[in-house]
Amino acid sequence: MFERFTGEARAVVQGAVEHAVADQAPRVEPAQLLLALLDREASRCSFALAALGLDAGRKESVRRALADTRRRAGLSRADSDALAGLGIDVSEIVARVEETHGVGAMSGECRPGRGRRPFTKDAKDVLARALRVAVSHGDRHISDEHLLLALTVGPGVPAEILRDHGVTHEAVTRVLYGGGAQAQAG
């Protein structure tokens with residue numbers, strides 16, 4: 001599959017690894033793929049994000065939302081709501097853990113070395129969805145816009161945060177391919 005990745009897509013994958021290292025994360029998560037996409041300039045992905053109003057300020061808002069989720073051990077809003085339904089206040093748990101162990105204690109940081117970071121199953125699923133998205137649009141290569149579309153169509157925190165910022169699968173598809181809705185590759 002990686003032989004079908006363009007230079008732009010390879011740069012996103014490398015950027016995700018760099019974000020994982022900077023975050024001291026033990027593995028590359030979909031959130032780091034999104035962070036790497038936000039770093040892109042002069043690409044189809046950056047064009048789509050700009051067309052949907054994700055300027056520098058709004059990109060920073062996405063970064064803050066990802067950081068906040070990371071502090072909550074990666075729990076999505078749906079996860080937090082489900083726990084709240086059981087009487088568990090995630091914000092209170094995070095506050096208590098951070099009071100005892102320091103800010104970011106629940107983020108899954110790894111302190112040792114800067115070694116290789118494997119991709120989680122969820123991150124690998126994003127890459128596989130990107131291939132399906134490219135094929136569904138008749139594209140022969142996987143580029144950064146396909147990674148963006150794969151993040152928007154998938155479950156999880158990146159899709160949730162992108163939706164909160166007006167970046168949906170349908171909106172990105174409309175900007176990149178025009179016209180009506182394309183079949184979702186999920």
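Starting at the N terminus, the elements of the protein chain run α-α-α-α-α-α-α-α-α-α, and in total the secondary structure comes to 10 helices and 0 strands. Please keep in mind throughout that this is a predicted model.

Let me stay with the whole chain for a moment. Of its 186 residues, 42% are buried, and the accessible surface comes to about 9500 Å², with 52% of that surface belonging to carbon and sulfur atoms. If we take the contacts between residues at least 6 apart in sequence, 67% of them join residues at least 24 apart.

Turning to the interior, the largest nonpolar core has 41 residues, and the residues with the most contacts inside this core are Leu33, Leu148 and Val172. Which helices supply at least two residues each to this core? They are α1, covering residues 7-22, then α2, α3 at 44-51, α4 at 56-71, α7 at 121-136, α8 at 144-153, α9 at 157-164 and α10 at 169-177.

I would like to look at Leu148 from that list, setting aside its neighbours within four places in sequence. What remains in contact with Leu148 is Leu37, Cys45, Ala48, Leu49, Leu162 and Val172.

Two of those partners, Ala48 and Val172, bring us to the place where α3 and α10 meet, since Ala48 belongs to the α3 side of that contact and Val172 to the α10 side. In general, two packed helices are described by the angle between their axes and the distance between the axes. Here, the axes of α3 and α10 come within 9 Å and cross at roughly 115 degrees, and the crossing is right-handed. On the α3 side we find Arg44, Phe47, Ala48 and Ala51, which meet Val172, Val175, Leu176 and Tyr177 in α10. By character, the residues of this contact divide into 7 nonpolar, no polar and 1 charged.

Let me finish with a single residue, Leu38, which is found in helix α2, at residues 30-39. Is Leu38 buried or exposed? Its relative accessible area is 3%, and because buried means under 20%, Leu38 counts as buried. Not counting residues up to four places away in sequence, Leu38 touches Leu49, Leu54, Lys59, Val62 and Arg63. For Arg63, which lies 25 residues from Leu38 along the chain, the separation between the two C-alpha atoms is 8.5 Å. Leu49 is worth pointing to as well, as a residue that touches Leu38 and is also in contact with Leu148.

Notes. Residues are numbered from 1 along each chain as its sequence is written. This is a predicted model: local features need pLDDT of at least 70, side-chain atom pairs count only at pLDDT 80 or more; totals for chains, interfaces and linings use all residues. Side-chain values use heavy atoms; hydrogens and water are left out. Helices (H or I, at least four residues) and strands (E, at least two) are DSSP runs, numbered from the N terminus. Buried means under 20% relative accessible area, exposed over 50%, partly exposed in between (1.4 Å probe, protein chains only). Contact means heavy atoms within 4.5 Å. A nonpolar core is a set of buried Ala, Val, Leu, Ile, Met, Phe, Trp, Tyr and Cys residues joined through side-chain atoms within 4.5 Å. Accessible areas come from the Shrake-Rupley method with a 1.4 Å probe; for residues, only the protein chains shown count as cover. Axes are lines fitted to C-alpha atoms, for helices over the stretch in contact, and angles run from 0 to 180 degrees between N-to-C directions. A crossing is left-handed if the near helix is turned anticlockwise from the far one by less than a right angle, and right-handed if clockwise. Ala, Val, Leu, Ile, Met, Phe, Trp, Tyr, Cys and Pro count as nonpolar, Asp, Glu, Lys and Arg as charged, and the others, Gly among them, as polar.
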